[in-house]
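Hi,

Here is the structure I promised to pass on to you. Have a look at it first, and then read on for my notes.

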Amino acid sequence: MGKLDGKVACVTGGTRSIGRAIADAFLAEGASVVVNGRDQAKGQRCLDEMGAGDRAAFFAGDARKQEDVEGLIDFAVQHFGHLDICCLNSGGVEATAPVASMSDEEWKLEMDWNINHVFWGMRKSLQHMIPRQAGRIIVTSSVEGKLGKPGLAGYVTGKHAVNGLVKTAAKEVGTLGITVNALLPGIIETDIVRETGPASAQAMGLESYDAMIGLFCQESSIKRPNRVEEVAAVAVLLASDAGRNMTGCLFPIDGGTMPY
Amino acid sequence: MGFLEGRVACVTGGTRGIGFAIAKAFQREGADVVINGRDPAKGAQAVEELSRSGDGGAVAFVAGDVKLRSDCEAVVAKTVERFGRIDILVPNAGGGSNYAPVVDMTDEAMAEALDWSFWHTFWTVRAALKHMIPNGWGRIIAMSSVEGKMGKPGIASYVVAKHAVCGLTKSVAREVGTMGITVNALCPGAIETDEMRAQGPSAAESMGITYDELLQTFANESAIKRLNEVEDVAAVALLLASDAGAGITGSLISIDGGTSPY
């Protein structure tokens with residue numbers, strides 16, 4: 001018997017990396033899961049790999065677009081009948097740069113991706129969860145939600161902002177059977193970090209991608225990157241019955257990096 | 001098969017309340033567990049209760065007063081003696097008495113709170129690390145509190161001791177971070193345990209309110225508007241003790257229904 005039998009979850013950015021690990025862990029605990037991503041082909045491959053049959057579904061959509069994020073929530077409710085757990089996990093940067101040379105376009109993209117997507121998904125989920133008096137919202141923030149790094153202003157700003165949103169929403173729905181929490185992972189060498197890392201390293205004034213990974217590791221106590229499974233384990237805890245009294249929590253999974 | 005099979009855990013203040021819930025969760029996952037407390041009768045009762053199902057790991061009781069260094073060191077030593085190793089340490093006991101506003105607080109009341117929460121944690125952690133470091137694996141799960149992050153008038157001794165536990169946690173985590181040992185602190189909100197019923201009235205009096213008002217104050221400060229439960233805390237301890245907890249260290253984890261601001 002799984003900890004999430006009969007529960008329905010959705011995960012933005014769920015076809016790869018952290019989101020995928022969360023989706024896999026939820027499936028292993030008996031939940032049904034809608035994974036979201038932009039690419040239909042990747043989505044299909046993800047479903048094939050999961051091999052979860054009717055318990056897994058894919059919804060193609062761009063987390064940076066309001067109609068897509070809201071469409072995901074609608075789809076999950078329609079497809080599985082309701083939604084218990086909403087993981088707003090997608091996020092990132094494209095052509096990031098130091099503040100002095102940041103373009104308006106990149107700034108807007110990073111805000112849509114890292115904060116607006118979370119707001120859109122949370123609002124829509126809460127409208128469904130509040131009448132049911134039950135729900136779990138789990139936002140993937142970051143170690144950069146509490147710290148700052150030169151060259152990553154948009155990402156850092158977005159992740160700080162979602163922490164504020166999580167704490168506020170937690171207080172709004174605390175007595176309604178709904179918890180709202182954030183995961184704050186340290187650096188993890190995910191596909192997206194490998195793709196965008198070289199540009200981020202450049203914006204941070206570092207000589208290479210490896211130097212950037214090394215910097216994050218050096219700041220931690222464990223001197224290594226984190227792993228997606230470490231994040232997924234916390235997501236399962238927060239989604240389970242045992243997590244019912246944890247809310248407004250910014251949960252560190254950062255190998256001892258953040259000072260608070 | 002439980003995911004803590006082959007592990008050995010030691011939980012101070014493990015006969016009741018939060019400590020008992022953690023010991024039970026560990027034992028159910030297959031760990032051999034030493035529980036400590038002052039009263040052998042309560043210890044025997046707790047061991048009987050934990051062993052009753054016949055499943056899970058073995059359980060032993062070690063009597064000792066955690067306000068004494070010799071007893072703290074003995075609890076760790078006896079854990080190793082009984083089960084051959086110590087993988088998981090939960091210095092869970094803690095508290096205070098004779099609470100008063102700082103202007104009227106006695107040296108004895110402050111010293112007692114520090115012995116009970118802070119020094120006991122330091123003594124047991126130091127002793128356990130001597131075994132964990134050579135083994136290259138360990139989990140230290142200290143018991144702080146929502147009052148390890150915040151302050152409350154009238155219970156400064158408790159607040160100070162729990163803040164100290166958080167400082168110790170963060171420092172040790174950085175010392176042993178590459179040695180396979182994680183060090184974290186749990187920061188629960190108020191839970192109505194036996195210990196709370198015993199210590200709460202003195203704390204309430206020092207705050208100028210009744211015991212029921214004290215509990216209501218804690219509930220009102222939270223987002224869930226109710227107290228926490230011991231099982232909430234045990235679930236997080238279990239996560240930290242597991243292999244998946246390897247990437248979490250130096251963390252002060254709030255299990256407080258949305259009370260603490262960070």
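**Two helices side by side**

In chain A, the axes of helix α3 (residues 66-80) and helix α4 (residues 104-132) cross at roughly 30 degrees and come within 9 Å. Angles under 35 degrees count as roughly parallel, so α3(A) is roughly parallel to α4(A). Their crossing is right-handed. Please keep in mind that this is a predicted model.

If you would like to pick out the contact on your screen, select A:Gln66, A:Val69, A:Glu70, A:Ile73 and A:Val77 from α3(A); they meet A:His117, A:Trp120, A:Gly121, A:Lys124, A:Ser125 and A:His128 from α4(A). Sorted by class, this contact has five polar, four nonpolar and two charged residues.

**The sheet**

Chain A also has an open sheet of seven strands, in the order β3-β2-β1-β4-β5-β6-β7, with parallel pairing. At the edges are β3 (56-60) and β7 of chain A, each of which pairs on one side only. On average, neighbouring strands of the sheet are turned by 20 degrees against each other, direction ignored. Helix α8(A) packs on this sheet, where it touches β1, β4 (85-88), β5 (135-140), β6 (178-185) and β7 of chain A. The direction of α8(A) makes about 170 degrees with that of β6(A).

Going through some of the strand pairs:

- Strands β1 (residues 8-11) and β2 (residues 32-37) of chain A pair in the parallel sense over four bridges; A:Val8 has A:Ser32 in β2(A) as its bridge partner.
- β1(A) and β4(A) run parallel and are joined by three bridges, and A:Cys10 stands opposite A:Cys86 in β4(A).
- β4(A) and β5(A) run parallel too, joined by four bridges, with A:Leu88 opposite A:Val139 in β5(A).

Which way do the residues of β4(A) point? A:Ile85 and A:Cys87 point one way, A:Cys86 and A:Leu88 the other, and all of them are buried.

**Where the chains meet**

Finally, the interface: 27 residues of chain A are in contact with 29 residues of chain B. On the chain A side, the elements that give two or more residues are α5 (153-172), α8 (228-239) and β7 (250-253). The largest share, five residues, comes from α8(A), the helix that also packs on the sheet. By class, the side of chain A that touches chain B has 12 nonpolar, 10 polar and five charged residues.

Happy browsing, and do write back with any questions.

Best wishes

Definitions and conventions:
Residues are numbered from 1 along each chain as its sequence is written. Chains are lettered from A and ligands numbered from 1 in the order in which they are written. This is a predicted model: local features need pLDDT of at least 70, side-chain atom pairs count only at pLDDT 80 or more; totals for chains, interfaces and linings use all residues. Two residues are in contact if their C-beta atoms, placed from the backbone, lie within 7 Å. Ala, Val, Leu, Ile, Met, Phe, Trp, Tyr, Cys and Pro count as nonpolar, Asp, Glu, Lys and Arg as charged, and the others, Gly among them, as polar. Two strands pair if DSSP finds at least two bridges between them. Axes are lines fitted to C-alpha atoms, for helices over the stretch in contact, and angles run from 0 to 180 degrees between N-to-C directions. Angles under 35 degrees count as roughly parallel, over 145 as roughly antiparallel, 65 to 115 as roughly perpendicular and the rest as oblique. A crossing is left-handed if the near helix is turned anticlockwise from the far one by less than a right angle, and right-handed if clockwise. A residue is buried if 20 or more other C-beta atoms lie within 10 Å of its own, exposed if 12 or fewer, and partly exposed in between; C-beta atoms are placed from the backbone.
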